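Q: Please give a close look at a single part of this structure, the largest pocket. Please describe its lining and the strands that contribute to it, and then turn to the other spaces.

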Amino acid sequence: MTNRDGFDQAVLAQIDRIVEQAVAEGQAPGVVAAVARGPAVHVATAGAMAVGGAPMRRDTLFRISSITKPMTAAVVLSLAGDGLLDLDGPIDELAPELADRRVLRRPDGPLDLTIPAQRPITVRDLLTFTWGFGMQGAMFAAPEPWPVHAAERERQLATLGPPAPATTPDPDTWMARLGELPLLAQPGERWLYHSGSQVLGVLAARAAGAPFGDVLRERLLGPLGMADTGFGAADTARLATAYLPQDGELVVSDPPDGQWTRPPAFPDGGAGLVSTVDDVLAFGRMLLRGGGPVLRPETVAEMTRDQLTPAQRGRVWPGFDLLNGRGWGYGLSVLDDGRYSWDGGSGTTWSNVPSQDLTVVVLTQRAFDEKGPPAVCGAVLDAARGA
């Protein structure tokens, strides 16, 4: 039974209408949205798990894509809190494949035109996405693929593009292939998206001496009761069909019996998890409670503050800015008003608003387009904040 204490009834009714209207407008085949404050939780569902399919449910599984990133960061910070990782120490011992880096003279230049890295990579560099490798808007706007982008695709790393659990190699092979490529920037120089979380998943496994999926369950999922979250969907009957918007139509990008039906060779710490609205809520509420039983309050404070310098935020190559002016903590974005959040490119979003003790989660199965996520994602957050 939904606990409505702490929320205005009119606001909850508005959220229900927003979710239903989003489906009626064709923003997505189905939506599950949740708002939580203190012990109060309200969940709204509408639409279907697939076009013409079964009704959307509260326990529907979604590919949460990049909402995986803050969860990976929390696991890494838990390991660091127990002394198994040093945030400011070189990663060379755990990741010899990434020692003695070379850096491209130009990010779009030939792979053999490089200079030495000025210093080793640290765990903190990976958490803040300033380690020197990752996505940048300019590479997607280029008329011809950058050589490093083409080389990454040849190696099936799925690090400068969408997740590909069916074809990405095992962690050791993945790291070896990544180590064949130069960095795009000097460690600490600029923010580059995504790849840092994938490397962190490998480091967490190596530091703990267990597969990353097991470390994730021990350190995060188990303590928070997130029983439906993992790198594969055990119950495919609950997995929503994933869609891409193309030319005004929705095209299936992954069916329930597709790439997320079994544990992948590479547990992708950047974008690999499936989850439910209640599990994502549990993660968000853990952070707003101060981190227990996963993290210490001072660790949460560091995770959720802007870690980037003005110089790092300002160094954007020509092309659109994936960070879009936001700050970055550890695995999540930080806004000037104190809200911290992140989105999943498959059509999911999560936000914590500490000033209102508010967590908002919106899950759809329609991927981002050039305008971003489905409009319902922002509309639910605005309605909840207006309360």
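A: The largest pocket

In this predicted model, 48 residues line the largest pocket, and those nearest its centre are Tyr193, Gly344, Gly345, Ser346 and Phe368. (On a 1 Å grid over the protein atoms alone, a pocket is an open set of points with protein on both sides within 12 Å along at least five of seven lines, and a lining residue has an atom within 4 Å of a point.) Two or more lining residues come from each of E6, E7, strand E11 (340-344), strand E12 (348-353) and helix H12 (375-386); such elements are DSSP runs numbered from the N terminus, with at least four residues for a helix (H or I) and at least two for a strand (E). Residues are numbered from 1 along each chain as its sequence is written, and side-chain values use heavy atoms, without hydrogens and water. Local features need pLDDT of at least 70 and side-chain atom pairs count only at pLDDT 80 or more, while totals for chains, interfaces and linings use all residues.

The space in the largest pocket amounts to about 1,500 Å³, a volume being that filled by probe spheres set on grid points joined across faces, edges and corners. E11 provides the largest share of the lining, namely four residues. Sorted by class, the lining of the largest pocket holds 22 nonpolar, 17 polar and nine charged residues. (Nonpolar covers Ala, Val, Leu, Ile, Met, Phe, Trp, Tyr, Cys and Pro; charged covers Asp, Glu, Lys and Arg; the others, Gly among them, are polar.)

Among the contributing elements, strand E6 (residues 242-246) and strand E7 (residues 249-254) run antiparallel and are joined by five bridges. Leu244 has Val251 of E7 as its bridge partner. Two residues lie between the strands in this hairpin of E6 and E7, where Asp247 adopts a positive phi near 55°.

E11 and E12 belong to an open sheet of seven strands, whose order is E2-E1-E13-E12-E11-E10-E9 and whose pairing is antiparallel; strands pair if DSSP finds at least two bridges between them. At the edges of this sheet stand strand E2 (40-47) and strand E9 (327-328), each of which pairs on one side only. Strand E1 (residues 30-37) runs antiparallel to E2, and eight bridges join the two. Val35 finds its bridge partner in E2 at His42.

The second largest pocket contains about 280 Å³ of space. Its lining is made of 19 residues, and Gly213, Arg217, Phe231, Gly232 and Pro263 are nearest its centre. Eleven nonpolar, five polar and three charged residues make up the lining of the second largest pocket.

Enclosed space must be considered separately. A search of the whole structure yields one cavity of 30 Å³ or more, where a cavity is a set of points at which a 1.4 Å probe fits but cannot get out. The largest cavity has a volume of about 70 Å³. It is lined by 13 residues, of which Pro163, Pro165, Phe266, Asp268 and Gly272 are closest to its centre. By class, the lining of the largest cavity comprises nine nonpolar residues, three polar residues and one charged residue.
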